[in-house]
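Got the viewer open? Let's take a short walk through this one, one selection at a time.

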Amino acid sequence: MTALRVWKLRHHLSALLLVTMVLTFALVSGVALVWRVPGIEADALRELRQEAADVSERLELLLGARQSRLELIATLLRGKPSDVAASVLDANVGTGRMFRAVYLVSPLGHVEAVGLSADMPAHGEELVGSDLSAGALFQAVDADRPTVWSGRLLSALSGGLVVGVAHRDASGRVLIGEVPIPTLLHDLQAVAGAGTSTTIWVVDRSGEVIADTEGRHMGRLNLQNWPLLQAALREEQIPSAVEFEGRSLQAAVVRAPTLDWYVVGTIPRGLHHPGVQRALVYALGSFAGALAVGLLVAPFWANRLVRSLQEIVHRAAQTTTGRALGRDWPQGPVAEFNSLAGHLQAMADALQEREHKLQALFNAAPVPMAVVDMDDGHTLLDVNDAWTEEVGYTRAEAVGLNSLELGLWKSSLRRDELLANAQDGSLSGEIEIVCKSGEIKLFKSFGRVLTFREQRLVVWGSINIGPLRRVEQELRGANHDLEARVAQRADALAAANEELSATLARLRAAQAELVRSEKMAALGGLVAGVAHELNTPLGNAVMAISAMDDATRRFRAAMQAGLRRIDLHQWLESMEQGSDIAARNLRRAADLVQSFKQVAVDQTSAQRRHFELAEVVHEMVVSLRPSFARTLYRIETDVPAQGLALDSYPGALGQALGNLLQNAVLHGFEGRAQGTVCVTAGRAEDGRIWLRVTDDGRGIAPELLGRIFDPFMTTRMGQGGTGLGLHISYNAVVNLLGGTLTVSSVPGEGACFEMRLPDTAPRATLPPAAPNRAADEAAA
Amino acid sequence: MTVRPASMRRRRWLAALFPAFGLALAGCGPKPPLRLGFLVDRLGVDGNFAEDARNGVVLAVEECNRSGGAAGRSLELVVRDLDRGHAREALQALHAAGVAVLIGPFGTALAAELLPVAAALGVLMLSPTATNQALVGKDDQLLRLNLTNRESAQATVRMLAAAGCERLAMARDLRNPDYAVAWSEAFQAAYGPAGGTIVTTIDFGTDPELSFEAVVQRLLAGQPQGLLFVASGADAARLAQQARKRSSSLLLAAAAWAATPALLELGGQAVEGLLLAQSHNPQDSSPRFQAFQRAFGARFDGAPGYGAAVAYDAVLVLAQALERATPGEPLKDAVLRHGPYQGLQQSIAFDRFGDASRTAHATVVRGGRFALWP
């Protein structure tokens, strides 16, 4: 592809103006020349023909004068003897202005007399007697042609070529006159007129050039076969244009009849023609003038036009390099340029803003970044603020040098490795950089090659990973410590676990002990209650008996003092009343003991037997009634006496029921003056027996409902509650009796505990030898 | 990297293109003409000899070109005035005009003068007339087509001996001393053994006061049987005129130099019977020579002289050598290697020094023209 030549606008404008001007002039000159040249040549040919005719005429006149002189001499010599003839000839030749020599030749060809010009050597006289009969001129003249000219006469005097003329008189004597060729040339140049551009040749009949105004063709040329001369010899139309020695000529031929010579005038044709040359010179002159004017004016004008544009270009260049920012752009006389300046200014502002933005982004990058020229030894082109902060060099110090020159490397080998690792235009690696302060920082650097206008740039981003590495180191250490500590802790935990397991076992044991103690305590409480219950009837009985004892003594005393009737009556009445009271109380005591005995037996023996639910409920209510005796709390039962028979553990069932009743009194009615506990039972649809203990107490808080059967769950911890009552009930119902125990409660409205029991309790797998203990553990 | 300007690349492209065009044109177009040089001594003592020789060359060149040139090359004649005293400059000017071969020079002295220049310029000189023995046997730029002086002199001696002339007076033109002295010495060397004696030797040409009449008077003082002119045709004719005025029975002879039309024109009756040996048969009736004479007459309106014939021969030799030359063969080598060549009247063969031998013809002036003698 051919690269376009790039010029300055000034040169383009200059060239435009110049080319326009020059082309216009060239065109005008060319047209003028094309129009003018044929005219010039036609004029020239006309003048040439005229000049050839003139020259021919003048030549005829000149040579004709010589011919006349020769003929005159001939008449002078007529009839004169040879000795006289010589003096006549000498006198007529004289100074040789017309002839150098004249010979008088006899009809036989012998020289009779010789006349020489004064400057000829004297021994020319020796010619007398010589035979010139073979001479060309002598032979050429005859009676018909008495006078003949020869252009190439061999001089009898010198042997050289001269121009000669011969005249034969009536007696047959021939006068031969020699004219030296230089004389002829001189004459020719005289008649042709000096200074013209026309070349005149004088050619004889044989085509030999006798003389020419240039003086250089004589002897060289024979034009016999030249078309021009051929035409002239045949008296045909003379061609006006001929070729001669490779040149194109205009030619004219005129015959000089007297001499039988031809005067050939030639003048160059085309560009060689002086007229054409002159016209051409004028054309070229005006062309050059136009060119000169153009050269003077065009650059000046172009310069004036372009100056404002140059200022814009200059300003653009300054703006590109960052100088001259913010200043107004130059304005000039060309509206388009001003508009261009305005647009350029707007563009420059936009570009500047974008550049600032980019630079700001670059500088704001939180990691050190640098741009290097890969093709220029990795010279730094720009670095951002983070880079300068990290490395310590200012931008001015860094830009223009490469990292080696800045001394950023401890070893250039590392740099070479990093640069050699390029893959797909990406570079990365960990490098240690020597900061300006001498501190060595470890960076993780990432480079990306980008090609920008055939310039390969690398954008480097680096992260100072020194701190990170330290943290990693510490973490690694800490991790190591942690593992040891964890192992240590695990050991400790294992130990603690073992300890806890042991403690748990101990606690379990303690719990079992506590449960047993609780049961015993409950039994104890029961015993104490029963004892208390027994105390009243027994006391009443004792007191009644004491009262009867007193009455008896008073009766005895009365008998001694007089028995009266009244006394007897009173005694009897006291006896009846006393014995009634005593009997009643003792019966009551007996009931109590009976009940107690059954409860105690059941509860302590965990005996399995067939029984009716109502019996157990009754026994339990009877056993607990004393606890309610001095309160307004009442226990109501609604249990069918028959139909709810069980093959189960009545002791465990009683204990569970008792705990539920005591719970109702102790917790449900806490803070209440009165309350009713209802014990109801029945058979459900699934055949199981249900037993509900319902109170109308304060109920159980919802959050406690889920944990109500957990051991040690109590709201009265420290106030006498052990938190084991409901737990024991639950275990007895679930584990021993094979039933379920559920609770529902609406706070403020009381609670309802419901057992569902199978008719037959599951067989305990425990050995019957220790039923007591098995029941205890089941309860636990 | 520097970007070469487009203009330079364009110029380079054109520079590469033009030789290619040139070769193409050379391959299929006409070959450049071979320029032949000719130096004419217009105002010399030889009179119209130069014109005669020039016409012979012109005719040969024109005929050669009409028949298609020599080996496809046309011949171009460049004629220049000898401008006596500046012959070397004239040859240099011819060389500058592109002339590779000079037909000439005609004078022995001139040949000797031009040899160094021709050698320096590499211009080959084919001299139709140079005879000096000193030029013979030298490997130089001069190729001669003429007899040597010795051959010419010996032939002259044989004629004089046959005519019974034993006492001879000799006139020498010292304006051409190389020829005149060498020829006369060769003549003397042959004439003595043949029983002849040169009674007088008169040199002329250097003294303007010395007239031909005086020369002849001195020649006759020794009572010779005959006079021998070692001079040009014009001078020999005028010497003969003076001799005939004094004695009509004297035997006249001349060196081959005089065998020009000027001898006949200026000699008239005086040169009748003049003997001379020349390398040209004036009475050749062979068709080739007859055709040459006709062509010459048609072209120049006259009869060819000896100069025209030998000059014509020189061009013939050159044209034939060109036809036979192998491509790239230097012209001189071609001329030397590819002979013999057919001349107008005889076969022309060169030896390795470029010297050709010609037959010497014994001639006499009879009836105003040259004729074979006796």
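**Where the two chains meet**

Keep in mind that this is a predicted model. Start by showing chain A and chain B together: between them, 16 residue pairs are in polar contact, counting pairs with both residues at pLDDT 80 or more. Now colour the part of chain A that touches chain B by residue class, and you should get 15 nonpolar, 16 polar and six charged residues. Next, pick strand β3 of chain A, residues 147-154: with three residues, this strand supplies the largest share of that side.

Zoom in on B:R54 and A:E208. These two form a salt bridge, and their closest N and O atoms sit 2.6 Å apart. How many salt bridges does the rule find across the interface of chain A and chain B? Just one.

Step back and select everything that touches across the interface: you'll have 37 residues from chain A in contact with 40 from chain B. Then highlight A:E126, A:L154 and A:R220, which lose the most area to chain B and together make up 23% of what the chain A side buries. Counting both chains, about 2900 Å² gets buried, with 47% of that on carbon and sulfur atoms.

**Over to chain B**

Hide chain A and switch to a cartoon view. Chain B has twelve helices and 14 strands to trace. Of its 374 residues, 56% are buried. Turn on the surface of chain B: the accessible area is about 15100 Å², and carbon and sulfur atoms account for 54% of it. Last stop, the contacts inside chain B: among those with a separation of 6 or more, 67% link residues 24 or more positions apart.

Definitions and conventions
Residues are numbered from 1 along each chain as its sequence is written. Chains are lettered from A and ligands numbered from 1 in the order in which they are written. This is a predicted model: local features need pLDDT of at least 70, side-chain atom pairs count only at pLDDT 80 or more; totals for chains, interfaces and linings use all residues. Side-chain values use heavy atoms; hydrogens and water are left out. Helices (H or I, at least four residues) and strands (E, at least two) are DSSP runs, numbered from the N terminus. Buried means under 20% relative accessible area, exposed over 50%, partly exposed in between (1.4 Å probe, protein chains only). Contact means heavy atoms within 4.5 Å. Accessible areas come from the Shrake-Rupley method with a 1.4 Å probe; for residues, only the protein chains shown count as cover. Buried area is the accessible area (1.4 Å probe) that two parts lose on being put together, summed over both. A salt bridge is a side-chain nitrogen of Lys or Arg within 4 Å of a carboxyl oxygen of Asp or Glu. A polar contact is a pair of N or O atoms within 3.5 Å; within protein, one must be able to donate a hydrogen and the other to accept it, and residues adjacent in sequence count only if both atoms are side-chain atoms. Ala, Val, Leu, Ile, Met, Phe, Trp, Tyr, Cys and Pro count as nonpolar, Asp, Glu, Lys and Arg as charged, and the others, Gly among them, as polar.
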